[in-house]
Amino acid sequence: FIVPGTSRACLVFSDGRRMSLGSCMPNSSLEKDGVVITADTSGSLSYRAGNTVFSEEIRHTLIVPQGGEYLLRLADSTLVRLNSMSVLHFPVHFAGACREVYLEGEGYFTVHRDSCQPFIVHTKNMDVCVKGTEFNIRAYPDESLLQTTLVAGAVEISTDQGKQRLRPAQQAEFNCSTRETVVKEVNPDEYTAWVQGWFVFKNKRLEDIMSELSRWYDFEVVYHPSEVRDAVFGGRLNRFGGIEPILDIMRATFSLEVAVQGRTILFTAK
């Protein structure tokens, strides 16, 4: 059966040891690398500084698989909600002039304000520097567009083309092919709906929609003929509902046959 994703992830410690995390696990705490790490049944992980004096930076990695999402509270109280197929590298304790993390995939950040220690999110092609704000970064390695969408506060984005500041309801979109950055006004709700449990699609190609859905529902897609993938769709869909209601909407919208065979969805022209 094709079912919605759940709160699950894998935590990788500095020594390479791994711990599986999920919403079905009991509340638990452990001391590791000088901090107290707590996982709870709601599907979240939090870091709290212990009494250790750190002589060097120690990093952990949180890996969210296909069909998963997870909430992380960093040692400075910054909240990061990671979407499916995302990876965050982060220090167990922030020291020095900046708080720096490294993201691959998609994350929604609510940064704890600290005017003396800016927070920087590094991605492959863009860095985002803030002092206290809410924003979403989408930086999947298989997508040509990297997007930073500002919800509140202010951020400064840096690419190899220079630096730009964003205001709330603005988005910086970096094209990995042309190396160009475009700043535009957007409705942030369209890009952060996943945090509230929704998919929002506005005039998107069927292939792009199914790529996003497959990260969450964990399925394969086949198009026949290949032109089918260019059909355009828009809508607001429940992220925690089953896949069949979504496919029913697509059946009613497109002149397509939609069939589910195991974990594969087949789209064919009528």
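**Notebook: a buried threonine, some strands, a helix and the open spaces**

I began with threonine 148, which counts as buried because its relative accessibility is 0%, and the cut-off for buried is under 20%. I note here that the model is predicted. I then looked up where threonine 148 sits, and found it in strand β14, residues 145-152. Leaving out residues up to four places away in sequence, I listed what threonine 148 touches: Met126, Val128, Phe135, Asn136, Ile137, Ile157, Leu166, Gln170, Gln171 and Ala172.

**Strands β13 and β14**

I followed β14 to its partner. β13 and β14 run antiparallel and are joined by five bridges. I checked one of these positions: glutamate 134 has alanine 152 in β14 as its bridge partner. The two strands, β13 and β14, make a hairpin, and five residues lie between them.

Next I looked for another partner of β13. β10 pairs with β13 over six bridges, in the antiparallel sense. In that pairing I found glycine 105 opposite alanine 139 of β13.

How many of the six residues of β13 are buried? I found five, so β13 is largely enclosed by the rest of the structure.

**Helix α3**

I moved on to helix α3, residues 243-253, and asked which of its residues are buried. My list has Ile243, Ile246, Leu247 and Met250. These residues cover an arc of only 95° around the axis, so they lie on the same side of α3. I also looked up what covers the buried residues of α3, and the cover includes α2 (206-217), β21 (232-238), β22 (256-261) and β23 (264-269).

**The largest pocket**

I turned to the open spaces. The largest pocket holds about 640 Å³ of space. It is lined by 27 residues, and those closest to its centre are Arg138, Gln147, Tyr191, Lys204 and Glu212. I wrote down the elements that give two or more residues to this lining: β13 (134-139), β14, α1 (188-192), β19 (198-205) and α2. Which element gives the most to the lining of the largest pocket? It is β19, with six residues. Sorted by class, the lining of the largest pocket has 13 charged, eight nonpolar and six polar residues.

**The second largest pocket**

For the second largest pocket I noted a volume of about 210 Å³. Its lining includes Leu103, Glu104, Thr123, Lys124, Ala139, Tyr140, Leu145 and Cys176. Alanine 139 is familiar to me as the residue of β13 that stands opposite glycine 105. At least two residues of the lining come from β10 (99-110), and at least two from β14. By class, I recorded seven nonpolar, two polar and three charged residues for the second largest pocket.

**The cavity**

Last, I looked for enclosed space. The count is one cavity of 30 Å³ or more. About 40 Å³ of space lies in the largest cavity. I copied out its lining: Asn83, Ser84, Glu106, Arg138, Tyr140, Phe199, Glu212, Arg215, Trp216 and Arg239. α2 gives the most to this lining, with three residues. By class, the lining of the largest cavity has five charged, three nonpolar and two polar residues.

I closed by checking names across entries. Arg138 and Glu212 line the largest cavity, and both are among the residues closest to the centre of the largest pocket. Tyr140 also lines the cavity, and I had already listed Tyr140 for the second largest pocket.

Conventions
Residues are numbered from 1 along each chain as its sequence is written. This is a predicted model: local features need pLDDT of at least 70, side-chain atom pairs count only at pLDDT 80 or more; totals for chains, interfaces and linings use all residues. Side-chain values use heavy atoms; hydrogens and water are left out. Helices (H or I, at least four residues) and strands (E, at least two) are DSSP runs, numbered from the N terminus. Buried means under 20% relative accessible area, exposed over 50%, partly exposed in between (1.4 Å probe, protein chains only). Contact means heavy atoms within 4.5 Å. The arc is that of the directions from the helix axis to the C-beta atoms. On a 1 Å grid over the protein atoms alone, a cavity is a set of points where a 1.4 Å probe fits but cannot get out, and a pocket is an open set with protein on both sides within 12 Å along at least five of seven lines; lining residues have an atom within 4 Å of a point. Grid points are joined across faces, edges and corners, and a volume is the space filled by probe spheres set on the points. Ala, Val, Leu, Ile, Met, Phe, Trp, Tyr, Cys and Pro count as nonpolar, Asp, Glu, Lys and Arg as charged, and the others, Gly among them, as polar. Two strands pair if DSSP finds at least two bridges between them.
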